[in-house]
Amino acid sequence: MSKTKEKILNTSRILFNELGYGNVTIRMIALKLNMSSGNLNYHFKKREDILEALYFEMVTTFDERIANLEQQIPTLNKMQIDIKSSMERMVDYTFFWSDLYNLLSLNEKIKTHFNTVYIRRKNGLDFLFNSFTENEILKPFEFKKEREFLVERMINFGNTWLYASSLYKKETFTNKYINNQTNSLIALLYPYLTHKGKKEFQLLVPTFFDKK
């Protein structure tokens with residue numbers, strides 16, 4: 001990718017994050033870059049092309065993480081690290097997650113990829129759950145839907161935590177705040193953990209059990 005394209009994408013991402021995708025025009029991006037709209041259009045014919053490029057730039061690390069999942073030995077600690085890394089990546093592209101369902105409706109290529117990744121995320125959680133159960137970290141589920149409901153809750157939390165944070169809490173996304181969101185997501189597993197699993201979780205997130 002050329003340096004000019006990189007500058008366009010980086011500037012667009014910053015403007016989208018600050019103002020929202022729907023409030024940013026090609027002209028605004030060009031003005032920010034001291035570039036003519038015609039020159040910008042040479043690299044990206046329309047704003048939707050920038051959206052698409054930013055989306056696939058964002059999900060590269062997500063795709064790699066899912067692809068490599070089965071090559072690793074899953075642990076709660078590794079899960080915590082991966083979730084935090086994903087959340088930090090999401091913050092860099094806040095505009096997308098703050099307007100997720102609208103933006104998915106604007107671009108069929110993005111929507112198709114997102115839906116494909118959804119299936120892979122479900123399979124990834126199934127892999128984790130199987131591994132945790134085999135290693136006596138997670139209790140066996142009592143019925144199939146119980147497992148499916150937990151998968152759905154974790155994926156939905158992952159998709160919407162940033163939007164909900166912006167909407168209700170109005171907090172800056174500090175390291176401390178992202179840590180809290182990371183641990184809140186993992187805590188959805190807590191009722192399903194074995195005694196061994198709960199001990200590992202308590203060591204991983206000691207502040208959740210602080211009685212002060």
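**Close-up views of an all-helix chain**

Arg13 is buried yet makes no salt bridge, and the nearest side chain of opposite charge, that of Glu57, sits 4.7 Å away. That is one of the details picked out in the legends below, and the model behind them is a predicted one.

**View 1. The whole chain, before we zoom in.** The chain has 11 helices and zero strands, so reading from the N terminus you meet α-α-α-α-α-α-α-α-α-α-α. Its C-alpha trace spans about 65 × 40 × 30 Å along the principal axes. Of the 212 residues in the chain, 39% are buried. Take the contacts between residues at least 6 apart in sequence: 70% of them join residues at least 24 apart.

**View 2. Arg13 and its surroundings.** Look for Arg13 in helix α1, which covers residues 3–19. What does its side chain reach at 2.9 Å? It is the backbone oxygen of Asp92. With neighbours within four places in sequence set aside, Arg13 is in contact with Leu54, Asp92, Tyr93 and Phe95. So Asp92 turns up both as a contact of Arg13 and as the owner of that backbone oxygen; a salt bridge, though, would need a side-chain nitrogen of Arg within 4 Å of a carboxyl oxygen, and Arg13 has none.

**View 3. Helix α1 from end to end.** How far apart should the ends of α1 be, at 1.5 Å a residue? Its 17 residues should span 24 Å, and the end C-alpha atoms are indeed 24 Å apart. The buried residues here are Ile8, Leu9, Thr11, Ser12, Arg13, Leu15 and Phe16. A handy thing to keep in mind while looking: an α-helix has 3.6 residues a turn, so residues three or four places apart point the same way. Just past the helix, Gly20 takes a positive phi of about 95°.

**View 4. The loop between α2 and α3.** This loop joins α2 (26–32) to α3 (37–43), and Ser36 lies in it. Asn34 is found in the loop too. Is Asn34 buried or exposed? With 74% relative accessibility, Asn34 counts as exposed, while Ser36, at 43%, counts as partly exposed. Asn34 also has a phi near 55°, a positive value in a residue that isn't glycine. A polar atom of the Ser36 side chain lies 3.0 Å from the backbone nitrogen of Asn39. Ser36 and Ile26 are 10 residues apart in sequence, and their C-alpha atoms are 9.7 Å apart in space.

**View 5. The largest nonpolar core.** There are 56 residues in this core, and those touching the most other members are Leu40, Ile50, Phe95, Phe96, Trp97, Phe129 and Leu189. Which helix gives the most to the core? That's α4 (residues 47–67), with seven residues. Now pick out Trp97: leaving out residues up to four places away in sequence, Trp97 touches Met58, Phe62, Met90, Phe114, Asn159, Leu162 and Tyr163.

**View 6. Helix α8 and what sits at its ends.** Helix α8 runs over residues 108–134, and its 27 residues should span 39 Å at 1.5 Å a residue; the end C-alpha atoms are 39 Å apart, which agrees. At the start of the helix, a side-chain oxygen of Asn107 comes within 3.0 Å of the backbone nitrogen of Lys109. Just after the other end, Glu136 takes a positive phi of about 60°. Glu136 is in the loop between α8 and α9 (144–169), and with a relative accessible area of 54% it is exposed.

**View 7. The buried residues of α8, with His113 picked out.** Among the buried residues of α8 are Ile110, Phe114, Val117, Leu125, Leu128, Phe129 and Phe132. Gly124 and Ser131 are buried in α8 as well. His113 is another residue of α8, and at 15% relative accessible area His113 is buried. Which residues does His113 contact, once neighbours within four places in sequence are left aside? They are Tyr55, Phe56, Val59 and Asp63.

**View 8. Helix α10.** Helix α10 covers residues 175–186, and its 12 residues reach 17 Å from first C-alpha to last, close to the 16 Å expected at 1.5 Å a residue. Buried here are Tyr177, Ile178, Gln181, Thr182, Asn183, Leu185 and Ile186.

Methods:
Residues are numbered from 1 along each chain as its sequence is written. This is a predicted model: local features need pLDDT of at least 70, side-chain atom pairs count only at pLDDT 80 or more; totals for chains, interfaces and linings use all residues. Side-chain values use heavy atoms; hydrogens and water are left out. Helices (H or I, at least four residues) and strands (E, at least two) are DSSP runs, numbered from the N terminus. The expected span of a helix is 1.5 Å times one less than its number of residues. Buried means under 20% relative accessible area, exposed over 50%, partly exposed in between (1.4 Å probe, protein chains only). A polar contact is a pair of N or O atoms within 3.5 Å; within protein, one must be able to donate a hydrogen and the other to accept it, and residues adjacent in sequence count only if both atoms are side-chain atoms. Lys and Arg count as positive and Asp and Glu as negative; His and the chain ends are not counted. Contact means heavy atoms within 4.5 Å. A nonpolar core is a set of buried Ala, Val, Leu, Ile, Met, Phe, Trp, Tyr and Cys residues joined through side-chain atoms within 4.5 Å.
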